[in-house]
Amino acid sequence: MNIVVVNGTEQKGCTYAMKELFLSAMGGDCGVTEYNLPRDCPVFCSGCKMCFFRDISVCPHSRYTVPIWEGILAADLLVFTSPTYVFHVTAQMKALLDHYGTKWMAHSPEKPMFQKQALIITNAIGQGMGKTAKDIKDSLDFWGVARTYVIKKALFQPKWELVRDRTKADVKAKCERVAAKVKSQKRVTPRAKIKILFSVMKTAQAMIDKSERKAGRERTRDYIHWKENGWFDGKKPWTN
């Protein structure tokens, strides 16, 4: 299994330790590629909208964003990690996800995403992990990722070496359970929420196109993308 990990911080702290426990549970026969933020994408989205008008290949930050996206597309399993910063994801993780808005189902989603699994790993000294996970999960859902798991834990300590052994054991058990679920999926198909989102977005694209054509404007890049994939003609991105 090919795994891509996107770490929301370069710190090798509690979140890093949780990620290592999960990778260990997955076994040594997996290929793992890791991206560490902000090192591998040290820039904020500038809002130029070139990715919406054309593609991420013309993004001013394509030297960073394109290799990471290509890695994501090639992976079987996506792992996104982020500690909880003031009840939310790290700024560097949010900055990366902002660059891929054009890949949301509301625009030009990529077919391979609908056959992938993903995992979000987060922790906090106290509260806020739900919002942190949601910050990432919003993108994963609208990219079309078939199945997403979450491992979160309030550790109540700023450093992994200070965390109680019982808490570490609980995290390890969670990692092993999720790893077992991931490995048990022989043929990954989207859960109901993803299929419903796809159906809603298909209807929206058709309505937008009708409005644009009525106004005498050209068809949008997004509509053309959907049409070329055959999604208006009954094809589904999660079927061959």
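Which residue in β2 stands opposite Ile3? In this predicted model, that position is taken by Val32. The pair belongs to a longer match, as strand β1 (residues 2–7) and strand β2 (residues 31–36) run parallel and are joined by six bridges. Between these two strands the chain passes through helix α1 (residues 14–26), and the resulting β-α-β crossover is right-handed.

Strand β1 has a further partner in strand β3 (residues 77–81), with five bridges and again a parallel sense. Here Val4 is the residue to look for, with Leu78 as its bridge partner in β3. Strand β1 is also mostly covered, since five of its six residues count as buried.

Turning to the helices, α5 (residues 129–143) invites a simple check of length. With 15 residues at 1.5 Å a residue, α5 should span 21 Å, and its end C-alpha atoms are indeed 21 Å apart, so expectation and model agree. The helix does bend, by about 30 degrees at Ile136. Ile136 is also among the buried residues of α5, together with Met129, Thr132, Ala133, Ser139, Leu140, Asp141, Phe142 and Trp143.

What do these buried residues pack against? Their neighbours include three helices, α3 (62–74), α4 (91–98) and α7 (192–214), as well as the strands β3, β4 (117–124) and β5 (147–154). Strand β3 thus appears in both parts of this picture, pairing with β1 and packing against buried residues of α5. Just after α5 comes Gly144, with a positive phi of about 100 degrees.

Technical notes
Residues are numbered from 1 along each chain as its sequence is written. This is a predicted model: local features need pLDDT of at least 70, side-chain atom pairs count only at pLDDT 80 or more; totals for chains, interfaces and linings use all residues. Side-chain values use heavy atoms; hydrogens and water are left out. Buried means under 20% relative accessible area, exposed over 50%, partly exposed in between (1.4 Å probe, protein chains only). Helices (H or I, at least four residues) and strands (E, at least two) are DSSP runs, numbered from the N terminus. Two strands pair if DSSP finds at least two bridges between them. A crossover is right-handed if, with the strands pointing away from the viewer, the path from the first strand over the helix to the second runs clockwise. The expected span of a helix is 1.5 Å times one less than its number of residues. The bend at a residue is the angle between axes fitted to the seven residues ending there and the seven starting there. Contact means heavy atoms within 4.5 Å.
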